[in-house]
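I opened this entry to record what I looked up, beginning with overall burial and then turning to the cores.

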Amino acid sequence: MFTKGIPGRQYARRGACALAVASAALALQTGTAAASGTGGVPAPAAHTAPAPAPAPAPASAVRITEGQVGEAAPGGTLLYPSVTSCLTVTVRLADGGLVGAHASLFQVPGEYRSDRVLGALRDRVGGRDVTAVEVRGAVGAWLPGYFTKAIESYGDGESVPFPSEPDPDGLAAAVADGLGQPHTKVTVTDVPDGDQTVR
């Protein structure tokens, strides 16, 4: 406020206001402003614990395409892309790791046939403790026998068998036998076409 005729007073008031504004700004920056908001008597500075460290980024997914076998470390993720007429077989290990196979009805060049994929998966698991085995995918397109005799192994003149209805119990038994695991550890789930992510 400017007071005409008393020049010294205008500077005193301006100086007091500037000092009050500077003190309030400093108090807000240091966190010592009184709870009442007056800025008169500074409150003691609050002591807080350091912020927790951010959670680690999730491990990248291990991608397993048709006819392949792969493994994710404990806490990791398996990604089975484009599961259409296929089955995926995921072995859950006691240490939290995952070992999986993407079983294909028809062999992809350079990859495992359906009658070799369980053997490769069993070898990858080795002697490690298994808690569960999950089979997912096109259950209705698979005969349990495809795990012991692939479609490609039928010769000229031989009739290739095809399923007339889904056989989840037969698939569970075939997978359990192929992996050397108790049948009670194996579950079979029919899932729609698409990518499968297992954590």
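**Burial, fold order and cores**

I looked up burial first: of the 199 residues in the protein, 33% are buried. I note that the model is a predicted one. I then took the accessible surface, which comes to about 11,700 Å², with 58% of it belonging to carbon and sulfur atoms.

Next I went through the secondary structure. I found 3 helices and 8 strands. Read from the N terminus, I have the order as α-β-β-β-β-β-α-β-α-β-β.

I checked how far apart in sequence the contacting residues are. Among contacts with a separation of 6 or more, 65% join residues 24 or more positions apart.

Which residues touch the most other members of the largest nonpolar core? I got V91, F147 and V175, in a core of 29 residues. I listed the elements that each supply at least two residues of this core: β4 (87-93), β5 (98-103), α2 (117-125), β6 (130-137) and α3 (168-179). The largest share is from α3, with 6 residues.

I followed V91 further, leaving aside its neighbours within four places in sequence. I have V91 in contact with G97, L98 and V99, with L121 and V125, with V130, A132 and V133, and with L179.

I also noted another core, lying apart from the largest one and made up of 8 residues. L78, Y80, C86 and L98 are among its members. L98 thus appears twice in my notes, as a contact of V91 and as a member of this other core.

For context, I add that nonpolar side chains tend to be buried together in soluble globular proteins.

Notes
Residues numbered from 1 in each chain as written. Predicted model: local features only at pLDDT ≥ 70, side-chain atom pairs only at ≥ 80, totals over all residues. Heavy atoms only, no water. Helix = DSSP H or I, 4+ residues; strand = E, 2+ residues; numbered from the N terminus. Buried < 20%, exposed > 50% of the residue type's maximum accessible area, 1.4 Å probe, protein only. Contact = heavy atoms within 4.5 Å. Areas by Shrake-Rupley, 256 points an atom, 1.4 Å probe, with all protein chains shown as cover. Core = buried A, V, L, I, M, F, W, Y, C linked by side-chain atoms within 4.5 Å.
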